[in-house]
Amino acid sequence: MSDSYIYVITALLPLSALMLILQTNPYHALVVQGILGAVAALVFAVFGAADVALTQALMGTLLAITLYAIAVRSSLVMRLGVLEDGAIKADDEGHFEQLMNDMRSIFGKHYMRLELVPYTNTQALHRALMDKEIHATCARPEHDNQDSVATEDEQQPYHTTTRVQRLYEIMRIELSSPATSLIYVNTPDSEEKHK
């Protein structure tokens, strides 16, 4: 009886591990992680280690994949704080909706979801950003002298502020919308870490 099938099954183990390392999409990586766990369980079963194969199938494949899926799903969300009434309803020209569509498209390329979190006023919006409840804010700028900045606000009616360096880099490079200006701010915790 030929044992060539054992070599084929065993060769699948490093092949699936290599596929897992090369994945850029986290959801595809979950599928490949499941394949890797199933192949490992099959290898253990072929070599007569049924108890190890069962443990690998239950813990290393099913439980790990479930926990990874929960972690990936919850960590790939960009929470954007907005003013609940003023920013959205006062947007007659559709700048806000176009900006949100652009952001959804950009973050979709990075397998992230955009979640809008409404706040009642700019103070609550800023506090939420500093307290790390949200990753960024998008609001109309407030100015004391409306005449001096009218032309700038017509071009960029929104200011987007983020506390996450990587999100700032993504938006700075990929967001070409003239409807917003980008600002990066350090939160108090991140400033203390850099000292």
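**View 1. Thr137 of strand S3 stands opposite Thr161 of strand S4.** This is a predicted model, where local features need pLDDT of at least 70 and side-chain atom pairs count only at pLDDT 80 or more, while totals for chains, interfaces and linings use all residues. Residues are numbered from 1 along each chain as its sequence is written, and side-chain values use heavy atoms, with hydrogens and water left out. Strands here are DSSP runs of E with at least two residues, helices are runs of H or I with at least four, and both are numbered from the N terminus. S3 and S4 (residues 158-162) pair in the antiparallel sense, with 4 bridges; two strands pair if DSSP finds at least two bridges between them.

**View 2. S3 also pairs with strand S1.** Here we look at S1 (residues 77-83), which runs with S3 in the parallel sense over 3 bridges. Leu80 is the residue that stands opposite Ala136 in S3.

**View 3. Strand S3 (residues 136-139) is covered on both faces.** In a regular strand, side chains alternate between the two faces of the sheet. On one side of S3 sit Ala136 and Cys138, on the other Thr137 and Ala139, and all of them are buried. Buried means under 20% relative accessible area, exposed means over 50%, and partly exposed is in between (1.4 Å probe, protein chains only).

**View 4. Phe96 and Tyr158 form a tilted aromatic pair.** Rings of Phe, Tyr and Trp (its six-membered ring) pair if their centres lie within 6.5 Å; planes under 30 degrees apart count as stacked, over 60 as edge-to-face and the rest as tilted. By that rule there are 2 aromatic pairs. In the one shown here, Phe96 and Tyr158 are 5.6 Å apart, centre to centre, with 55° between the planes. Phe96 belongs to helix H5 and Tyr158 to strand S4, so the pair ties together parts that are 62 residues apart in sequence. Both rings come from buried residues: Phe96 has a relative accessible area of 3%, and Tyr158 has 0%.

**View 5. Tyr168 and Tyr184 make another tilted pair.** Their ring centres are 5.8 Å apart and their planes meet at 45°, so this pair counts as tilted. Tyr168 sits in helix H8 (residues 165-174) and Tyr184 in strand S5 (residues 180-184), so parts 16 residues apart in sequence are tied together. Tyr184 is partly exposed, at 28% relative accessible area.

**View 6. Ser105 and Leu175 lie 70 residues apart in sequence.** In space, their C-alpha atoms are 9.5 Å apart. Ser105 is part of helix H5 (residues 95-109), and its 41% relative accessibility makes Ser105 partly exposed.

**View 7. A nonpolar patch lies on the surface.** Leu54, Leu58, Met59, Leu62, Leu63, Leu67 and Ile70 make up this patch of about 690 Å². Patches take residues with over 30% relative accessible area and no salt bridge, joining like charges within 9 Å and nonpolar side chains (Val, Leu, Ile, Met, Phe, Trp, Tyr) within 5 Å. A salt bridge is a side-chain nitrogen of Lys or Arg within 4 Å of a carboxyl oxygen of Asp or Glu, and accessible areas come from the Shrake-Rupley method with a 1.4 Å probe, with only the protein chains shown counting as cover for residues. One of the patch residues, Leu58, is in helix H3 (residues 50-75) and is partly exposed at 45%.
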